[in-house]
Amino acid sequence: KHHVGPMNVYYFDYMKTGDTGYDINQIGRNITQMKEYMIDFFDNHLPSKDTPFFLYIAFIDTHRGCNDDRGPFCNYWGNGTEGMGVI
């Protein structure tokens, strides 16, 4: 979830979004996958343990209850039923 701009002003060094080629349901709803990205950030993208940083994690589940062309997908994604994915 990334609604700020322009990028030259609000730039992020490490960003996983639908705009950068990631599955929006995995990066915005799958808390296990989000945890893996956080581990990657801490292990591989901090210059040093003493470097200050700001970690922003945005969930898209606030958008549950949609009633559009996706049908009930927004309400049931991740529950394990066929076609809804598993978290």
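From the N terminus on, the elements run α-α-α. That is three helices and zero strands. Keep in mind that this is a predicted model.

Some totals for the chain. It has 87 residues, and 21% of them count as buried. The accessible surface comes to about 6,500 Å². Carbon and sulfur atoms own 54% of that surface. Now contacts. Take those with a separation of 6 or more: 40% of them join residues 24 or more positions apart.

On to helix 2. It covers residues 31-44. What span should its 14 residues have, and what do the end C-alpha atoms give? At 1.5 Å a residue, the expected span is 20 Å. The end C-alpha atoms are 20 Å apart, so the two agree.

Which residues of helix 2 are buried? Met-34, Tyr-37 and Phe-41. They cover an arc of only 60° around the axis, so they sit on the same side of helix 2. Look at the other side, and you find Asp-43 and Asn-44, both exposed. So much for the two sides.

What do the buried residues of helix 2 pack against? Their partner is helix 1, residues 24-28.

Stay with helix 1 for a moment. Gly-28 is found there. Buried or exposed? Gly-28 has a relative accessible area of 2%, so it is buried; the cut-off for buried is under 20%. One distance to note here: Gly-28 to Gly-18, C-alpha to C-alpha, is 9.0 Å. In sequence these two glycines are 10 residues apart.

Next, charges. Side chains of opposite charge can pair when their charged atoms come close. How many salt bridges does the count give? One. The partners are Lys-35 and Glu-36. Their closest N and O atoms are 3.3 Å apart, and the cut-off is 4 Å. How covered are the two residues? Lys-35 has 38% relative accessibility, so it counts as partly exposed. Glu-36 has a relative accessible area of 37%, so it is partly exposed too.

Last topic: the nonpolar surface patch. Its area is about 530 Å². Which residues make it? Ile-31, Phe-42, Phe-53, Leu-55, Ile-57 and Phe-59.

Take two of these in turn. Ile-31 has its place in helix 2. Its relative accessibility is 52%, so it counts as exposed; the cut-off for exposed is over 50%. Phe-42 also lies in helix 2. At 39% relative accessibility, Phe-42 counts as partly exposed.

What does Phe-42 touch, leaving aside its neighbours within four places in sequence? Phe-53 and Leu-55. Both of those residues belong to the patch as well.

To pull helix 2 together. Met-34, Tyr-37 and Phe-41 are its buried residues on my list, and the buried residues pack against helix 1. Asp-43 and Asn-44 are exposed on the other side. Ile-31 and Phe-42 help make the nonpolar patch. That is the picture.

Methods:
Residues numbered from 1 in each chain as written. Predicted model: local features only at pLDDT ≥ 70, side-chain atom pairs only at ≥ 80, totals over all residues. Heavy atoms only, no water. Patch = residues over 30% accessible without salt bridge, like charges linked within 9 Å, V, L, I, M, F, W, Y side chains within 5 Å. Areas by Shrake-Rupley, 256 points an atom, 1.4 Å probe, with all protein chains shown as cover. Salt bridge = Lys/Arg side-chain N within 4 Å of Asp/Glu carboxyl O. Helix = DSSP H or I, 4+ residues; strand = E, 2+ residues; numbered from the N terminus. Buried < 20%, exposed > 50% of the residue type's maximum accessible area, 1.4 Å probe, protein only. Expected span 1.5 Å × (residues − 1). Arc of directions from axis to C-beta. Contact = heavy atoms within 4.5 Å.
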